[in-house]
Amino acid sequence: MTDDGDEGDGSDERGGGDDTERDDLAARRGLDDVTVYQPAEDSGLLAEAAVAEAHGRVLEVGTGSGWVAAQVASERDLDVIGSDLNPHAARQARERGVEAVVADLLSPFRADAFDAVCFNPPYLPTDPDNEWDDWMEHALSGGESGRELIEPFLADVGHVLAPDGVVLLLVSSLTGYEEVLDLIDAAGFAADPVVEESFPFETLTVLALRRA
Ligand SMILES: C[S@@+](CC[C@H](N)C(=O)[O-])C[C@H]1O[C@@H](n2cnc3c(N)ncnc32)[C@H](O)[C@@H]1O
């Protein structure tokens, strides 16, 4: 984990696998005693892509600390809203100056509300027997497949997106890149990689999704 506002150096990737690996990862990132995911290399990649590609009204789903949303707002002078299931995250984002709401994925937002939707999802494949029952589990775990948040997000994001809108989605090789591409295709989007970086245990890619 990096300090707020810094991008990572790639040495502390999110990793994956069993509860021991996840505990180690959480400890390395200083996440074992915090309730809100702090900016790391994945956050930095999403911010880089969003600054390059976002336009108009922007939503960051799962905003965590609000750092990505704040980068987009300040670098591009755009209206950005953050949302998160975790009320501690929404509060931290607001303290950073980001308008933020507590929400489950896209549920409260109206049709065509946004020109850009950004998401760095919880993506670690996690054995159901090893799930943590805390806010860091919600930040890191993508369920057994790693795609349990990505699937409903992709199924619904077209509803809130304006006709010429763009979705910026961070995908890890740990989550199954080809499987995510299949979900994107099934949702009616075409995907182009915007930024990509490889770390010892995973490759992170931010895809720009536009209606096919
Ligand atoms: C990997 S963290 C990313 C945080 C931040 N966007 C960043 O890049 O630093 C994933 C975030 O998604 C949030 N989250 C998990 N499940 C969610 C859901 N169903 N709806 C909204 N946010 C959710 C978590 O609380 C966490 O803040």
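**View 1. The surroundings of the ligand in the predicted model.** Of the 23 residues around the ligand, those that come nearest are Ser43, Gly62, Gly64, Leu85 and Asn120, where a residue is near a molecule or strand if its C-beta atom, placed from the backbone, lies within 6 Å of it. At least two residues of this shell are supplied by each of α2 (41-53), α3 (67-76), β2 (79-84) and α5 (135-140), and α2 gives the most, with 3 residues. Helices (H or I, at least four residues) and strands (E, at least two) are DSSP runs, numbered from the N terminus. By class, the shell has 12 nonpolar, 8 polar and 3 charged residues; Ala, Val, Leu, Ile, Met, Phe, Trp, Tyr, Cys and Pro count as nonpolar, Asp, Glu, Lys and Arg as charged, and the others, Gly among them, as polar. Because this is a predicted model, local features need pLDDT of at least 70 and side-chain atom pairs count only at pLDDT 80 or more, while totals for chains, interfaces and linings use all residues. Residues are numbered from 1 along each chain as its sequence is written.

**View 2. The sheet and its order of strands.** The chain has 7 helices and 7 strands, and the 7 strands form an open sheet of mixed pairing in the order β3-β2-β1-β4-β5-β7-β6, two strands being paired if DSSP finds at least two bridges between them. At the edges stand β3 (99-102) and β6 (189-199), each with a single partner strand, so one side of each is left without a neighbour in the sheet. On average, neighbouring strands of this sheet are turned by 20° against each other, direction ignored. The strands β1 and β2 run parallel and are joined by 5 bridges, with Val58 standing opposite Val80 in β2.

**View 3. Helix α3 against the sheet.** Helix α3 lies across β1, β2 and β4 and runs at about 175° to β2; axes are lines fitted to C-alpha atoms, for helices over the stretch in contact, and angles run from 0 to 180 degrees between N-to-C directions. Since 7 of the 10 residues of α3 are buried, this helix is largely enclosed by the rest of the structure. A residue is buried if 20 or more other C-beta atoms lie within 10 Å of its own, exposed if 12 or fewer, and partly exposed in between, with C-beta atoms placed from the backbone. Trp67, Val68, Ala69, Ala70, Gln71, Val72 and Ala73 are the buried residues of α3, and they pack against α2, β1 (57-61), β2, α4 (87-95) and β4 (114-119). After α3 comes Asp77, whose phi is positive, near 55°.

**View 4. Strand β5 and the largest nonpolar core.** The largest nonpolar core has 59 residues, and those with the most contacts inside it are Leu46, Val117, Cys118 and Leu168; such a core is a set of buried Ala, Val, Leu, Ile, Met, Phe, Trp, Tyr and Cys residues joined through C-beta atoms within 7 Å. Its largest share, 7 residues, comes from strand β5 (residues 161-172). Because 9 of the 12 residues of β5 are buried, this strand is largely enclosed by the rest of the structure. It is joined to β4 by 5 bridges, the two running parallel, and the bridge partner of Cys118 in β5 is Leu168. Leaving aside neighbours within four places in sequence, Cys118 is in contact with Leu46, Ala50, Ala54, Val58, Glu60, Val68 and Leu168, two residues being in contact if their C-beta atoms, placed from the backbone, lie within 7 Å.
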